[in-house]
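Let's take a walk through this structure, one piece at a time. Keep the 3D view open and turn it as you read.

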Amino acid sequence: MEDVTVTITGGTGSFGCTMVERLLTQNVRAVHVLSRDETKQDAMRRRFADPRLKLFLGDVRDLTSVQDAVAGADYVFHAAALKQVPSCEFFPHQAVQTNIIGSSNVIHASAAADVRSVVCLSTDKAVYPVNVMGMSKALMEKVAQAFARNYPRSSTVVSMTRYGNVMYSRGSVIPLFVDQLRRGEPLTVTEPRMTRFLMSLQESVELVEHAFLHAEPGDLFVRKGPACTVETLARAVAKLLGYGEPEIRVLGTRHGEKLHETLLRREEMATSIDEGHYYRVPLDARSLEYELYFDRGEHRSVEVCDYSSDTTEQLDLDQTLDLLRTIPEIASQASQVPS
Ligand SMILES: O=c1ccn([C@@H]2O[C@H](COP(=O)(O)OP(=O)(O)O[C@H]3O[C@H](CO)[C@H](O)[C@H](O)[C@H]3O)[C@@H](O)[C@H]2O)c(=O)[nH]1
């Protein structure tokens with residue numbers, strides 16, 4: 001990261017802030033943050049107080065603001081997205097604008113600016129998508145892959161990462177459980193058997209770093225990780241914070257939710273490369289010839305399973321407790337609990 005400029009779209013979110021902090025501790029030339037929220041930008045400016053941090057007010061939907069933010073960048077991390085399942089469900093056109101067209105703007109503006117590498121952040125909800133958020137992220141992936149396929153001579157490497165649930169991210173279930181415990185309310189569990197991959201914010205940042213260090217055009221990366229049921233998660237949070245056995249109120253599966261999430265589907269698993277903590281799925285680089293899609297089959301994919309939150313390593317209560325202890329926000333609260 002010596003003397004490079006990095007642009008982060010959606011850079012005032014949880015991922016962006018963690019990434020900015022990490023980059024500013026290195027010898028980067030500049031970090032460009034593109035985001036819509038001037039209040040969060042102001043908070044970020046005060047927090048880091050570093051002249052290398054340049055804040056760009058704008059929107060990925062607006063090509064000019066993207067062009068300004070990627071000018072002079074060596075790397076682009078594309079984290080800007082509409083991520084909430086219900087809001088995308090109610091306003092699909094907005095998800096199309098930000099997650100698909102906005103992503104296309106970021107990729108094409110970066111290529112025009114000779115950026116070396118663009119990493120687009122996606123989610124497990126893009127696999128077998130059942131809601132607009134997942135569907136629009138799946139199309140973002142297709143846009144990124146199409147760029148790699150259609151511009152083989154481009155000097156810009158476009159790759160993708162898919163995340164599972166990031167523990168303690170804003171608006172997610174763990175901070176909700178913490179609030180409910182503090183207020184003396186029962187923990188609302190949607191479906192006790194529902195499973196989710198668990199990932200720390202730190203690991204999500206490392207996944208993006210792995211992608212830009214190792215990506216070939218069109219590669220998709222996921223981090224291997226464990227999962228647990230939401231019931232186990234609820235019990236673990238309560239135990240860690242000294243609340244013992246919590247009262248649980250079962251809500252039922254919410255609209256647009258899946259019982260289990262999939263990080264890689266079997267066809268992707270069949271072509272994936274095991275890179276230790278990560279799987280890398282190379283681009284299906286067939287050219288735009290219809291015969292290649294219709295007349296040639298793939299035999300390996302029936303032999304393997306999806307990489308899903310119910311087929312990966314399942315954590316029990318004690319293992320979930322140990323994992324939660326590694327999350328700084330929870331560890332600091334747990335340390336105040338008398339033993
Ligand atoms: O009151 C609640 C709320 C949620 N859950 C459950 O807890 C799990 C996690 O829920 P979150 O709301 O924390 O996360 P989601 O899986 O709904 O989605 C989140 O993780 C995704 C990745 O899979 C995306 O990053 C998305 O933006 C982000 O909201 C789910 O099984 C959900 O059903 C409960 O049991 N009770």
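The UniProt record, an unreviewed entry, lists residues 6-281 as "domain: Polysaccharide biosynthesis protein CapD-like". What you're looking at is a predicted model. Over residues 6-281, helix makes up 42% of the chain and strand 23%. The C-alpha atoms at the two ends of that stretch sit 24 Å apart.

**The sheet of 9 strands**

Try tracing this one strand by strand: the order is β3-β2-β1-β4-β5-β6-β10-β15-β14. It's an open sheet, and its pairing is mixed. Which strands stand at the edges? They are β3 and β14 (273-275), and each has a single partner strand, so one side of each has no neighbour in the sheet. From one strand to the next, the twist averages 20°.

Now zoom in on the β3 end. Strand β2 (residues 30-35) runs parallel to strand β3 (residues 53-57), and 5 bridges join them. To get from β2 to β3, the chain passes through helix α2 (residues 38-48), making a right-handed β-α-β crossover. In this pair, serine 35 stands opposite leucine 57 of β3.

Further along, strand β6 (residues 157-163) pairs with strand β10 (residues 220-223) in the parallel sense, over 3 bridges. Here arginine 162 stands opposite valine 222 in β10. Two helices that pack on this sheet are worth finding. Helix α2 touches β2 and β3, and its direction makes about 175° with that of β3. Helix α6 (residues 132-150) touches β5 (117-123) and β6, and its direction makes about 155° with that of β5.

**The sheet of 3 strands**

There's also an open sheet of 3 strands, in the order β7-β9-β11, again with mixed pairing. β7 (165-166) and β11 (227-229) are at its edges with a single partner strand each, so one side of each is left without a neighbour in the sheet. β7 pairs with strand β9 (residues 195-199) in the parallel sense over 2 bridges, and valine 166 stands opposite methionine 199 in β9. Lying across β9 and β11 is helix α9 (residues 230-240), which runs at about 85° to β11.

Here are the parallel pairs we met, side by side:

| Strand pair | Bridges |
|---|---|
| β2 and β3 | 5 bridges |
| β6 and β10 | 3 bridges |
| β7 and β9 | 2 bridges |

**Around the ligand**

Last stop: the ligand. Which residues come nearest to the ligand? Of the 19 residues around it, those are Lys83, Ser172, Val173, Thr188 and Thr190. The elements giving two or more residues to this shell are α7 (173-182) and β8 (187-189). And what is the shell made of, by class? It has 7 nonpolar, 6 polar and 6 charged residues.

Conventions:
Residues are numbered from 1 along each chain as its sequence is written. This is a predicted model: local features need pLDDT of at least 70, side-chain atom pairs count only at pLDDT 80 or more; totals for chains, interfaces and linings use all residues. A residue is near a molecule or strand if its C-beta atom, placed from the backbone, lies within 6 Å of it. Helices (H or I, at least four residues) and strands (E, at least two) are DSSP runs, numbered from the N terminus. Ala, Val, Leu, Ile, Met, Phe, Trp, Tyr, Cys and Pro count as nonpolar, Asp, Glu, Lys and Arg as charged, and the others, Gly among them, as polar. UniProt positions are given in the numbering used here, feature names are shortened, and annotations may be inferred rather than shown by experiment. Two strands pair if DSSP finds at least two bridges between them. Two residues are in contact if their C-beta atoms, placed from the backbone, lie within 7 Å. Axes are lines fitted to C-alpha atoms, for helices over the stretch in contact, and angles run from 0 to 180 degrees between N-to-C directions. A crossover is right-handed if, with the strands pointing away from the viewer, the path from the first strand over the helix to the second runs clockwise.
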